[in-house]
Amino acid sequence: MPTITDRINEIIDKRKINLEKISSVMQTTQKCCQCVQNFEQLQSQIKQSNNTTAYQNLFQGNPDIIHKILEITPSPFYEIYQKYLAKAKQLTDRFHRDELHISFIGRAGQGKSLVMQNISGLDGHIIPSSDGSDCTGAKSIIINRDVSHTHAEIQFYSQREMIDIVNQYLKSICHSYYEVGSIEDIKHLPIKEIESKSKNHSSTVQALLRHLKKYIEHISDFEYNLGRTITVEESEIESYVAQYKKDQHEIKYFHYLGVKTANIICKFPHLDTGKIVLVDTIGIGATSLGIEAHMLDTVENDSDAVVLMCRPDPFGRNDRMDEIEIISKVSERISSEYTKEMLFWVLNRVETPSGNNTKQIPEFKEFIQSSGYAIADVLDVNCNSKEDVENNLLVPILTRLAERIEYVDHLLLQTLNTLGEELYSEYEKLCIAIDKVFAHSANEDIKRELASEINATIQTNLLNNLRNLYLQKYNQLRRQPCEKLQIASKQKLKKIFKMIPSKEEMLSLLNQGEINQHNAIEKCTDLIRIKIIDNFTELDDVLTEIVNTMKYEVLSILADKENGKLGTILEVGNNTPDEWLTKLINKIDCQKKYPLIYKALDSFRMFSIHVQGFLIYEVRDKLDLIDFSLRKQPPLLNFTLEQKEELAEDITICLRNYIENVYAELEIVLSTLYSIPNRAMFAAIKDLYDRATYSKKDNSFSVTDEWRYLYEDWIHMVWSNQYNSHISMKNVTENWNQMISDLKAYHKKNLFLINTK
């Protein structure tokens, strides 16, 4: 059986596949973004007065084109694109890691550091802990590695980051009255003047002011290291991550003010922990600015599992609104699905006389479990006991990680896909808007030049081919039975004999309760009727397949380049006929611009054949033979309940006789129905042809006029080579045509989405 270590290694390896998937969609979306930027550049060129005349020439015949181009705004696309980029980078960083991360969050003094000490084997000199007070100074990451000695890589803030941090304090305290631009400016901030102006402010402002003073008074202690990463030995780590010395609180440390992250590398004592990392966070409620924001960033960006530490009050004051709010904010930042899988609420059980809360734990745990919070589990742990931490916290969390992290990764990829859906939607809106503008840009010359080809496409390639399809193929088929339905129906017919219960099944039924022989046979026939109906209802799948085959034939006439060419406006791709028709109708604004064509296409799109429409009522009619509620006399049976063996066999034979009669009746009636699908499909194609050929509006405007307008409006796509050749003499077309071509190349939804299967 694989160990937790083995399972974690396997998960880390599999994550590399996700990296490849994310990289692939990122390349696509970046190219899409470049296409949108190219469009913006063209908009900018149009706005310049020296290019306006050239573009007016390009779009002659429709003076509104330039105005419509300038009205198109890509800003909604960019807004989603930035969110998409951020989420993709976040997931890339997550899947690129060679460890699984467990983050510890919660209010100050709840036992986070104590638990991490017991898991990692490090003491309070390296992972600061204190009973209920704020002692952790910097974010620490404890990494489990097979090393001979403990050490740390201390990453300091850059000078720019330090300047920004101090300015945030100044803004919160003084509303940006003061601002620094350099490290020297920080040293010379007029702290007494700032204190004087903040004298009557709230306790929160006073706390921030005290923290700001630390930066001003002690920045020289760590100024040299800003922007650097240094390696320190075990004995020095405390001075970089703690606010004071563990055994001598009067000895204060201030290096932590400049520390961005302390990566502490050591070997964990519990053998089956594998490649895991413990992420310590500064407790909520500490006086530093932005603690909650940093905590949420850590959870979102650095965490595979999250441990919410909580030390219940020994005096019963356990409403814990802070913890509930933390869960709510984590759920909002990532998702409630994530927290249900990977957020653990740990109750720190204190068994020492000072602060003993063991009596409060069970009731508090029951309250949490019954409240339906979005968490994976509630763990009752004596955080002061190394053994209890291992057995009741570390092992359950590692086990959960090993079992569920792939599902959690799937959830996170789905969040990227959700943004991908939004991004594609905005990209599609841009493409459609540009398409609609471009569709009107064909001038009258090209329309006249292609008039004969447009007419040939409509009359010969489209309408005549539809006419030939219903006349030559379906006119013959409608007089014949539908072979696929006939074969499938006969198979269903044979199955009805399998619905007769065996002698043993009948005997079992007769042995149940007070049932008599006639109750038994009625109960069996009631069930058999339902099974037969369900059996024949399954023929809907066959009918759907038959109709789709016919619709694909029509789709070929509408869309193929050698026929109706409409696939040049909207690529068929993997779309079903109904999907393609729906998208085409929307893209060309068919209902509004070409209402007669819309009526023809929409009626055909809605065509379907169902068992309930023509077959099932005939089947039901023949099932009257086995419906004893409609018969005056019960079946004649030769045995009574005292002879159950013989009676069971007698009922089975009786049922078979009835089913044979049903079979014979159904066989006759079904034979008269097999031609209905072919007749219906003939009618559907004929109706499409009639509507697409003869429809008129107000006895003057005909559907053939609409077909001509449609092809003229979309000349640039249907006859792209001729169109581009026609306008190639104009000096601005090259970039425009390339931009249109590039946009179309990425107008495919699947290019924005990751396959998460």
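Reader: Is Cys32 buried or exposed?
Author: This is a predicted model, where local features need pLDDT of at least 70, side-chain atom pairs count only at pLDDT 80 or more, and totals for chains, interfaces and linings use all residues. Residues are numbered from 1 along each chain as its sequence is written, and side-chain values use heavy atoms, with hydrogens and water left out. Buried means under 20% relative accessible area, exposed over 50%, and partly exposed in between (1.4 Å probe, protein chains only). Cys32 has 0% relative accessibility, so the verdict is buried.

Reader: Okay, and how many disulfides does the structure hold?
Author: A disulfide here is a pair of cysteine sulfur atoms within 2.5 Å. For Cys32 the closest cysteine sulfur sits in Cys35 at 6.0 Å, which is too far for a bond. Cys310 is in no disulfide either, with the nearest cysteine sulfur, in Cys383, 10 Å away. For the structure, the count is 0.

Reader: Which strands are the edge strands of the open sheet?
Author: Helices (H or I, at least four residues) and strands (E, at least two) are DSSP runs, numbered from the N terminus, and two strands pair if DSSP finds at least two bridges between them. The open sheet has 9 strands with mixed pairing, in the order β4-β3-β5-β2-β6-β1-β7-β8-β9. Pairing on one side only marks the edges, β4 (229-233) and β9 (377-381).

Reader: In which sense do β1 and β6 pair?
Author: Strands of a sheet pair through backbone hydrogen bonds, either parallel or antiparallel. Strand β1 covers residues 100-105 and β6 covers 276-280, with His101 opposite Val277 in β6. Over 5 bridges, the sense is parallel.

Reader: Which residue does Glu10 form a salt bridge with?
Author: A salt bridge means a side-chain nitrogen of Lys or Arg within 4 Å of a carboxyl oxygen of Asp or Glu. Glu10 is partly exposed at 36% relative accessible area. Its partner lies in helix α1 (residues 4-47) too, 3 residues apart, about one turn of the helix. The closest N and O atoms are 3.6 Å apart, and the partner is Arg7.

Reader: What is the N to O distance between Asp388 and Arg349?
Author: Arg349 also meets Asp380 in a salt bridge, at 2.8 Å. Asp388 is in helix α15 (residues 386-439), while Arg349 is in the loop between β8 and α14, 39 residues apart. Both Asp388 and Arg349 are buried. Their N to O distance is 3.0 Å.
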